[in-house]
Amino acid sequence: VVPSAKDNTTLTVFLQLNGSYSNPGDVFQAVVKVKNTGERMAVRAYTYLENIPQDWSMLSPDSSRVFQLGNIPQGETVTKTIIVRRGQTDATIYSVACARNASCVSSDLIPVPISLLVSLALLGSFAGLYYWRRRA
């Protein structure tokens, strides 16, 4: 995570996923932590998850895709927990945090791949189809 400064206000953002997110329909927590590491208060800070596919749903705190954090005093950390239901689509997601007086920063990327079992089932299906066509 590379901090960015604007007007001597610097934010750092971290993203952690809790729960199972391997299979379509899984519900998990995306915990976003935004820390003000700058010299001034971060004014009207907000965060959002990026690269969320259309078939995924934000369940709480509401269906919004942008979450207000308010003002963040120097040295303080604000945490926002977002409940997400994943869809069929795989994604590599990350969080972004911004403030009126701080440049936007992004977290590390977190891949949310399809389940290993689903991958093996698809591979098995293709192998079976190939074998069946070769026999015919």
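Let's start at a bridge: select cysteine 98 and cysteine 104 and look along the bond between their sulfur atoms. The torsion about this S-S bond is about 115 degrees, so the disulfide is right-handed. As you look around, keep in mind that this is a predicted model.

**Stop 1: the disulfide**

Stay with the two cysteines and show their side chains. Their sulfur atoms are 1.9 Å apart. A search of the whole structure finds 1 disulfide, and cysteine 98 and cysteine 104 form it.

Now turn on a surface and color the two partners. Which of them is buried, and which is partly exposed? Cysteine 98 is the buried one, with a relative accessible area of 1%. Cysteine 104 counts as partly exposed, at 45% relative accessibility.

**Stop 2: the whole chain**

Zoom out and switch to a cartoon view. How many helices and strands does the chain have? You should find 1 helix and 10 strands. Follow the cartoon from the N terminus: the strands come one after another, and the helix follows them at the end of the order.

Next, try displaying contacts. Taking those between residues at least 6 apart in sequence, 66% join residues that are at least 24 apart.

**Stop 3: the surface**

Bring the surface back for the full chain. About 8000 Å² is exposed, and carbon and sulfur atoms supply 52% of that area. Of the 136 residues, 33% count as buried.

**Stop 4: the aromatic rings**

Hide the surface and select the aromatic side chains. The structure holds 3 aromatic pairs. Start with phenylalanine 28 and tryptophan 56: their ring centres are 6.1 Å apart and their planes stand at 85 degrees, so this pair is edge-to-face.

Where do the two residues sit along the chain? Phenylalanine 28 belongs to strand E3 (residues 27-36), while tryptophan 56 lies in the loop between strand E4 (42-50) and strand E5 (57-60). The pair therefore ties together parts that are 28 residues apart in sequence.

Are these two rings' residues buried or exposed? Phenylalanine 28 counts as buried, at 2% relative accessibility. Tryptophan 56 is buried as well, with a relative accessible area of 2%.

Finally, add Tyr21 to your selection. Ring pairs link Tyr21, Phe28 and Trp56 into a cluster. With these three side chains on screen, rotate the view and look at the Phe28 and Trp56 rings once more to see their edge-to-face arrangement.

Technical notes. Residues are numbered from 1 along each chain as its sequence is written. This is a predicted model: local features need pLDDT of at least 70, side-chain atom pairs count only at pLDDT 80 or more; totals for chains, interfaces and linings use all residues. Side-chain values use heavy atoms; hydrogens and water are left out. Helices (H or I, at least four residues) and strands (E, at least two) are DSSP runs, numbered from the N terminus. Buried means under 20% relative accessible area, exposed over 50%, partly exposed in between (1.4 Å probe, protein chains only). Contact means heavy atoms within 4.5 Å. Accessible areas come from the Shrake-Rupley method with a 1.4 Å probe; for residues, only the protein chains shown count as cover. Rings of Phe, Tyr and Trp (its six-membered ring) pair if their centres lie within 6.5 Å; planes under 30 degrees apart count as stacked, over 60 as edge-to-face and the rest as tilted. A disulfide is a pair of cysteine sulfur atoms within 2.5 Å.
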